[in-house]
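Trainee: I am new to this structure, and I would like a close look at a single part. Could you take me through the aromatic pairs and then show me what else is worth seeing?

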Amino acid sequence: MSKKIYKIGTRGSLLAVTQCTQVKEELEKLTGDEFVLEIIKTQGDLITDKPLWQLDGKDFFTKELDEALLRKNVDMVVHSYKDLGSERPEGIKLAAITKRHFAHDILFIRNETIPKINSMNTFTVGTSSPRRIVNLESGLKEFLPANSVKVETKMLRGNVNTRIGKLVKGEYDAIVLALPGIERLAHSENSLKELEVLLKDLNYMILPQSEFPSAASQGALAIECNEENTELLEKLKLIEDKDTVSEVSRERSAFKSYGGGCHLAVGINVRKSGLNYIHIHKGRADDKEISEYQLESVSETFQGDKSKVFIGMPSSKDANSEYLFDELITKVPTSPIEIAEKSDFFVTSKYCIDQLEHSRSSIQNLWAAGTRTMKELTQRGFWVNGTSNSLGHDELEILRSSKCIQVMNKKKELKVLTHRDSKSNHGEIIGCYDRNLNHISDEYREKLLKTEIFFWTSFNQYLEFVRLIPAIKDRFHCAGLGKTKNRFEAEGIRVKTFIGVRDFKNWIKE
């Protein structure tokens, strides 16, 4: 079969050309054909002095590309899927959706700004996205090392280089961009050189999806071609990723249900985790607050009384709480250890923060296990680069693998701050606390015996309670999506999984 030549239509921005080149190279490797780029200017590229949601019309980044495809001036087009509207022109077919590795937003900040945040009255973030404006102004403050600062947003348009350049010049205190786009630039030799110059004096925070969900289908590339080109359609299926398709189809369905359009101020992220899907929607639509955080799950279902519930967290100060908490285990800090060499730190709980205080000067990148711990760290004045969002060590390693962030802070050996007897395949354990077992009252024991649903925060916690009351072993067990869930499954114990305690409580109340 003779080699064929196909034209790929693309916008002319550095990012568009970079991601099209990466698709081109993959297709040439898989098909043996030749693919060449055809640069096409779009309305969205030409108008940079206003946010898109303030303009009349639609399809600002796609209209000219659509016309070229329908006229057969090009054979295929590569889009950032988030730029595609739900209604596409007749004659154009979605041929493939590529695998996305990241969907997060990333905040960039000058290193010199970080120690000044606590003395600022306002913290100005550059973005023109309605969803980012709503979620950043309402929630970013809790993730900054400041006692009292007001977060304000300011319009930011232009290509990636222009936006980062404005931050470097001091026009903003920070800016927020889509991590997947920057990541693609970091994987291209030519654009990486430009990034290294732009990012050399910057730091970063990968914004947690649970608080700042990305745009629907952010991070995925959509490849379209003329529906008459059946031969090319078949070849393009070679680079489609089924998991990404299942995620973004759910995101786009939710996006449409809120009304859609570039004016929509709702972040939507869906993440496949095993057989489950994590759904996060947050923002504002039709003057209503949107906050959805739940698991689309195929795991165990419970038939019984949901009123008798144990949550494996320290005993609540509220004596009238509807839940039973952990009165058996108390966490006690160990003696401080000072770490001299520059390292990356992963803080697994608030009980480890005192230990970290002794090694402040050694922090290269600082990560938290969940948003609660991340907030605790910022309240103590630490700049936190991101969180595994309660998804465990594997999720942390996915984030740490980002080539973009290593342009700013090279990855160092990981120190895992956790319980003294914990184990990790990803770094050196620094024991920060021990678990002491308390004497429990007969009344508490009786309540445990009557409890039907248990939400565990660690597998060792489960073992200690079962050792005390063997009957607990046969109750209905729940856990988050990280290390605890994995250990239950490894031991062959059925467990219903949740994103976290908030998701679990919502299920209890259903």
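Mentor: Happily! The count of aromatic pairs comes to 21, where rings of Phe, Tyr and Trp (its six-membered ring) pair if their centres lie within 6.5 Å, and planes under 30 degrees apart count as stacked, over 60 as edge-to-face and the rest as tilted. One of them joins Phe310 and Phe454: the ring centres are 5.3 Å apart and the planes stand at 40°, so this pair is tilted. Phe310 belongs to strand E14 (residues 309-314) and Phe454 to strand E22 (residues 453-456), so the pair ties together parts that are 144 residues apart in sequence. Helices (H or I, at least four residues) and strands (E, at least two) are DSSP runs, numbered from the N terminus.

Before we go on, a word on the model: it is predicted, local features need pLDDT of at least 70, side-chain atom pairs count only at pLDDT 80 or more, and totals for chains, interfaces and linings use all residues. Residues are numbered from 1 along each chain as its sequence is written, and side-chain values use heavy atoms, with hydrogens and water left out.

Back to our pair: Phe310 and Phe454 are both buried, a word that means under 20% relative accessible area, with exposed over 50% and partly exposed in between (1.4 Å probe, protein chains only). These two also belong to one aromatic cluster, together with Trp456, Phe459, Tyr462, Phe465 and Phe488.

A second pair makes a nice companion. The rings of Tyr351 and Tyr433 have centres 5.9 Å apart and planes at 55°, so this pair is tilted. Here, too, distant parts of the chain are linked: Tyr351 sits in the loop between strand E17 (343-347) and helix H10 (353-357), while Tyr433 is in strand E21 (residues 428-437), 82 residues apart. Tyr351 has a relative accessible area of 27%, so it is partly exposed, whereas Tyr433, at 5%, is buried.

Now look at the loop between strand E19 (386-387) and helix H12 (393-400), where you will find Asn389. Most residues other than glycine have a negative phi. Asn389, however, has a positive phi near 55°, and with a relative accessible area of 11% this residue is buried. Ser390, in the loop between E19 and H12, is not a glycine either, yet its phi is positive at about 65°. Ser390 has 38% relative accessibility, so it counts as partly exposed.

Towards the start of the chain, strand E1 (residues 5-10) and strand E2 (residues 34-39) run parallel, joined by six bridges; strands pair if DSSP finds at least two bridges between them. Gly9 stands opposite Glu38 in E2.

Last, the empty spaces. The structure has five cavities of 30 Å³ or more. On a 1 Å grid over the protein atoms alone, a cavity is a set of points where a 1.4 Å probe fits but cannot get out, and lining residues have an atom within 4 Å of a point. Grid points are joined across faces, edges and corners, and a volume is the space filled by probe spheres set on the points. The largest cavity has a volume of about 70 Å³. Eleven residues line it, and Arg11, Gln19, Val78, His79 and Ser80 are the closest to its centre. Helix H1 (14-31) and strand E3 (76-80) are the elements that give two or more residues to this lining.

Methods:
On a 1 Å grid over the protein atoms alone, a cavity is a set of points where a 1.4 Å probe fits but cannot get out, and a pocket is an open set with protein on both sides within 12 Å along at least five of seven lines; lining residues have an atom within 4 Å of a point.
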